[in-house]
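Q: Please give a close look at a single part of the structure shown below, in one connected account. It should be written for a reader who has not met this structure before.

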Amino acid sequence: MTATHADLWLAPVATAPVDAVVSLPGSKSLTNRALVLAALADGPSVVRRALRSRDTELMARALTALGAQVDTSGPDWAVTPLDPAAAAVEAEVDCGLAGTVMRFVPPVAGLVRGTVAFDGDPHMRNRPVGEVLGALTALGMTIDDGGRGSLPFTVAGEGRVPGGTVVIDASASSQFVSALLLAGARYERGVDVRHDGKPIPSLPHIEMTIAMLRDRGVEVDDADANRWAVTPGPIAARDEAVEPDLSNAAPFLALAAVSGGAVTVRDWPESTTQAGDALRDLLAQMGCTVERVEAGLRVTGPADGHRGLVGLDADLHDVGELAPAVAALCALASTPSHLRGIAHIRGHETDRLAALATELGALGADVTEHPDGLELRPARLSGGVFHTYADHRMAHAGVIVGAAVSGVLVEDVATTSKTFPDFAGFWAALL
Ligand SMILES: O=C(O)C1=C[C@@H](OP(=O)(O)O)[C@@H](O)[C@H](O)C1
Ligand SMILES: C=C(OP(=O)(O)O)C(=O)O
């Protein structure tokens, strides 16, 4: 991939230990689940402090196209649910590069009458969704995907979905299970999802789905491993605030680590289902001091910054979305690292294992790509172009390295708008 000069952003170097307290935007995963559940709810909802970013705006637009009303004009988004008795729609849904839109919205589309055509960014056609489409067909929906099992596809909604039992292989993405559970209560027989395949990644995200459903009065039976049964019934409307995005806290906490400074993220929840909460443990293992303070969660880096970071040997299967930021820190650490259990992140916004190996390697990192992970050994890094492949978290990895190494040019840093408004401006203001 080549980049024009205008695409390149010189990542600011931390010339002194950073000392900052930051308020981060809301969680993508919580916002998009709250929007879907509000669209299916038994009355109007409010999603307070919603994340305003490309993924959440695409979700709001998708649900609006299906007939819900989502008022995104202020920080708190008011949602009027779908009316299954409404006139038939003829809608187009742009999934962009948002896995949550491509996987969570088709199960909803069966509950409205009309035709809903789904497509997205060019790379989105490579991201897996066939298991969800197959499951929805088995549950009684009509879907035309031209036999591809990927975008583009069309859902012919009938305003009702019979539901029932379905077996899927969710080893490529936890979102396959979340997608079916989120809408399942509104299916006539509910939904009983069984997984058959290699272990499911990102399990905290399924826990998040279940917790949000239960909070809205939906009965979910998860007593057996690899099986989730949702009883048919109403989804209660909610007026609820969204937690800050803890996965997007990764680059900011990493800034404390590489600069030998301290960064506090405000409003870090006491308990949460967000995968990003694992950063507390991962950063402590790498030699940072992690503590809860009155303002939030404070991470203090080693006194000599990234030179004091120790490598990490960790299975990131449950928290794969943290891998790019963690890999950037490992590339800067003073002892070797092995990140394992993350074959599935090859199906994320880009093939993240290949992209990280290529781009960190191009800056001088000593990195080996394995089928399910990365090994990184200490090396002296230097500046250069860091390509991002339309992946917000690749951009995070680039700016983390750039905070420690001068001359890192991050290509298309604006791709961070997928989950964070004006990331580059926010980042530069801290340095
Ligand atoms: O349900 C969700 O909100 C998500 C689930 C995870 O997906 P995978 O299971 O595909 O890793 C995660 O990586 C993604 O960023 C968000
Ligand atoms: C995998 C990710 O996103 P998506 O919701 O598009 O799957 C991510 O944000 O790291």
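A: **Between the two domains**

In all, 18 residues of domain 1 are in contact with 23 residues of domain 2, where contact means that the C-beta atoms of two residues, placed from the backbone, lie within 7 Å. On the side of domain 1 that touches domain 2 there are five nonpolar, nine polar and four charged residues. In this classification Ala, Val, Leu, Ile, Met, Phe, Trp, Tyr, Cys and Pro count as nonpolar, Asp, Glu, Lys and Arg as charged, and the others, Gly among them, as polar.

The model is a predicted one, in which local features need pLDDT of at least 70 and side-chain atom pairs count only at pLDDT 80 or more, while totals for chains, interfaces and linings use all residues. Residues are numbered from 1 along each chain as its sequence is written, and chains are lettered from A and ligands numbered from 1 in the order in which they are written.

The protein chain is divided into domain 1 (5-25 + 244-428) and domain 2 (28-241), with bounds that come from an automatic or database domain assignment. The centres of the two domains, taken over C-alpha atoms, are separated by 30 Å.

Ligand 2 lies between domain 1 and domain 2, because both give residues to the shell around it. That shell consists of A98, G99, T100, E321, H348, E349, R393 and T419; a residue is counted here if its C-beta atom, placed from the backbone, lies within 6 Å of the molecule. By class, the shell around ligand 2 has one nonpolar, four polar and three charged residues.

Three members of this shell may be followed further. G99 is found in helix 3 (residues 99-104); helices (H or I, at least four residues) and strands (E, at least two) are DSSP runs, numbered from the N terminus. G99 is buried, with 26 other C-beta atoms within 10 Å. A residue is buried if 20 or more other C-beta atoms lie within 10 Å of its own, exposed if 12 or fewer, and partly exposed in between, with C-beta atoms placed from the backbone. Leaving out residues up to four places away in sequence, G99 touches R127, S173 and Q175.

E321 sits in the loop between strand 18 (313-315) and helix 10 (323-332). E321 is also buried, having 25 other C-beta atoms within 10 Å. Apart from neighbours within four places in sequence, E321 is in contact with S247, A275 and R393.

R393 belongs to helix 12 (residues 392-404) and counts as buried, with 31 C-beta neighbours inside 10 Å. Residues up to four places away in sequence aside, R393 touches E321, P324 and A325.

The UniProt record adds annotations at these residues. In an unreviewed entry, UniProt lists E321 for "active site", and it places the feature "binding site" (unreviewed entry) at K28, G99, R127, Q175, R352, R393 and K418. UniProt positions are given in the numbering used here, feature names are shortened, and annotations may be inferred rather than shown by experiment. UniProt also places "domain: Enolpyruvate transferase" (unreviewed entry) at residues 16-424. Over residues 16-424 the chain is 29% helix and 23% strand, and the end C-alpha atoms are 19 Å apart.
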